[in-house]
Structures are given as C-alpha cells and as structure tokens.
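Biologist: I like labels, but I like them better when someone shows me the reasoning behind them. Could you walk me through a few for this one?

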Amino acid sequence: LEALRRTNPWAKLVYVSSFFANGDPPYLPVTEQTPCYPKGLYGASKLFCENMCNSYIKTFDMDIRIARITNVYGPGNEKASMRTSAFNWMLKQIANDNAVSLYDGGRVKRDYIFITDVVAALELLGKKGLKGETYFISSGKGVSFKDMMHIAKKAAHRGRTRAVDTPDFHSRVGIQDFWASHAKLSELGWQPRISIEDGIGYTIQYYQKQQLKNG
C-alpha cells in the first residue's frame, strides 16, 4: 500500500481477501454487512489487511475495493495441499484413486466457486467496483463435503472416502457451515457460470490428464 501510494496513487487496487476473515457466521447466507470474528491467524491477517486498505482509502483517498472470496477450486493447482487448497487436494486424491478423509462425516457445508468465475469477478471489480466497498465472490450456495465427494467420485469413476475424527486444531480454528450472498457483486453484472457438477468434472479431468502425463 505504501509503495503504491508513493509511485502510483491513482491506480485502482482490488485487494483479494477471504471468507476466513468472517469466522463462524451468526446467520446464513453471509453478506458484506455480517460482523467479522476470525478464528485463526489466517483469517485475522486477512481482516487486518482489509482494515489497512480502508485506512489508506480514508487517509490518502486511494481507490481500493475488497474482494472477499469463498472456497476457490479448479484446474491448474498442482501445489494443492490440505493446508493451502484442501478441496483441490481432495479432488486430486479422488482422481488418483486415493482415500479422502472426511471430518465429522463430511457434514460441513461450504461455498465453492470455480476459478474462471473468480477471475471474471476480479476483472469486473477492477473496472466497475466502487472505492471503499467490499464484495463477496461466491456461488451463494452451501454444499457439504460429503456431497462434493459424491460428485467427484461420480466424475472420476473411482475414489474412496473415510470418516475420521476432527483434529483438535481444526476444531479450534476451522469454520463451520458457510455460504455467502453475491447479490452486491451481481448488481455490477456478474453471475457465476460454472455449476458445481461441471466445475468438479473439469478439475477431475485436469488431474487425470496430469497423472497420465507424469506416468
């Protein structure tokens, strides 16, 4: 922010934040007006950065808007892991016919949004997003891990899941059911285009092709 202020204070900045800034929501669907109570360090750091952006807007009149994104997934993420991109990692395991462990029987619902829809939303916010405003980039729907894995196994014609106890750390910092309204972003002309079934299918195909390529 300071470098931008010094070198190009007229630039438009879209800060990419996360639904982790919200923590466990008091109601669903979440909106941009829902209070934020982050549970872990990652969510707290995202909310801190949002606050810094808002401070630079008020202090220096910089042109910044905030994109708060839900669970992003899709092809191209070769570095997916349980810590950095859990759902993509799960899809990769299904594509490779490895077992996926589900906490709490996979009952928790999350809001999954395909990568191309996210890119389109970010481009739109750069052009039409309003200074000082926060926008959710989301599908607007909650889908359980269990149902997601069912769709993935059907797309891959393989894959296994198993129920495991929830680790203590995840119990303390993991977010429970979460989905968010994208009504505010839709007012700018955006809608998610990729269904969850198609998005999972594209991602499974990607990992299966990578598996064949790598032998």
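Modeller: Gladly; what follows is a short run of questions and answers on a predicted model.

Biologist: Let's begin with helix packing. Why is helix 3 called oblique to helix 8?

Modeller: The axes of helix 3 (residues 86–95) and helix 8 (residues 196–213) cross at roughly 60 degrees and come within 9 Å. Roughly parallel needs an angle under 35 degrees, and roughly perpendicular starts at 65. The angle fits neither label, so helix 3 is oblique to helix 8. The crossing is right-handed.

Biologist: Which residues make that contact?

Modeller: Helix 3 contributes Phe87, Asn88, Leu91, Lys92, Ile94 and Ala95, while helix 8 brings Ile200, Thr203, Ile204, Tyr207, Gln208 and Gln211. By class, the residues of this contact of helix 3 with helix 8 are seven nonpolar, four polar and one charged.

Biologist: And what makes helix 5 and helix 8 oblique to each other?

Modeller: The argument runs along similar lines. The axes of helix 5 and helix 8 come within 9 Å and cross at roughly 55 degrees. Parallel would need under 35 degrees and perpendicular at least 65. Helix 5 and helix 8 are therefore oblique to each other. Helix 5 passes helix 8 in a right-handed crossing too.

Biologist: Which residues meet there?

Modeller: From helix 5 come Met148, Ile151, Ala152, Ala155 and Ala156, and they meet Ile196, Glu197, Ile200, Gly201, Ile204 and Gln208 of helix 8. The contact of helix 5 with helix 8 holds eight nonpolar residues, two polar and one charged.

Biologist: Back to helix 3. Why is it described as largely enclosed by the rest of the structure?

Modeller: The label rests on a count. A residue is buried if its relative accessible area is under 20%. In helix 3, Phe87, Asn88, Met90, Leu91, Lys92, Gln93, Ile94 and Ala95 are buried. That makes eight of the 10 residues of helix 3, so the helix is largely enclosed. Its buried residues pack against strand 3 (71–73), strand 4, strand 6 (112–114), helix 5 (145–156), strand 9 and helix 8.

Biologist: Now the sheets. How do you know which strands are at the edges of the 1-2-7 sheet?

Modeller: Three strands form this open sheet, in the order 1-2-7, with parallel pairing. Strand 1 (12–18) and strand 7 (134–137) each pair on one side only, and that marks them as the edge strands. The twist from one strand to the next averages 30 degrees.

Biologist: How do you know that strand 1 and strand 2 pair?

Modeller: Two strands pair if there are at least two bridges between them. Strand 1 and strand 2 (residues 63–69) run parallel and are joined by seven bridges. Within that pairing, Val14 stands opposite Arg65 in strand 2.

Biologist: Which helices lie across those strands?

Modeller: Helix 2 (residues 41–60) lies across strand 1 and strand 2, at about 155 degrees to strand 1. Helix 4 (residues 115–128) lies across strand 1, strand 2 and strand 7, at about 140 degrees to strand 1.

Biologist: What makes one face of strand 4 the covered one?

Modeller: In a regular strand the side chains alternate between the two faces of the sheet. In strand 4 (residues 99–103), Val100 and Leu102 form the covered face, and Ala99, Ser101 and Tyr103 the uncovered one. Strand 4 runs parallel to strand 9 (residues 160–164), joined by five bridges, and Val100 stands opposite Thr161.

Biologist: Finally, the backbone. What makes Asp61 and Asp97 worth flagging?

Modeller: Most residues other than glycine have a negative phi. Asp61 has a positive phi, near 60 degrees, and so does Asp97. Asp61 is in the loop between helix 2 and strand 2, whereas Asp97 lies in the loop between helix 3 and strand 4.

Biologist: Why is Asp61 called exposed, and Asp97 partly exposed?

Modeller: Exposed requires over 50%, and partly exposed covers the range from 20% up to that. Asp61 has 52% relative accessibility, so it counts as exposed. Asp97 has 31% and is therefore partly exposed.

Biologist: Where is the cis peptide bond?

Modeller: It joins Leu28 and Pro29, with omega about -5 degrees. Pro29 lies in the loop between strand 1 and helix 2.

Note on methods. Residues numbered from 1 in each chain as written. Predicted model: local features only at pLDDT ≥ 70, side-chain atom pairs only at ≥ 80, totals over all residues. Heavy atoms only, no water. Axes fitted to C-alpha atoms, helices over the stretch in contact; angles between N-to-C directions. Helix = DSSP H or I, 4+ residues; strand = E, 2+ residues; numbered from the N terminus. Parallel < 35°, antiparallel > 145°, perpendicular 65-115°, else oblique. Left-handed = near helix turned anticlockwise from the far one by under 90°. Contact = heavy atoms within 4.5 Å. Nonpolar A, V, L, I, M, F, W, Y, C, P; charged D, E, K, R; others polar. Buried < 20%, exposed > 50% of the residue type's maximum accessible area, 1.4 Å probe, protein only.
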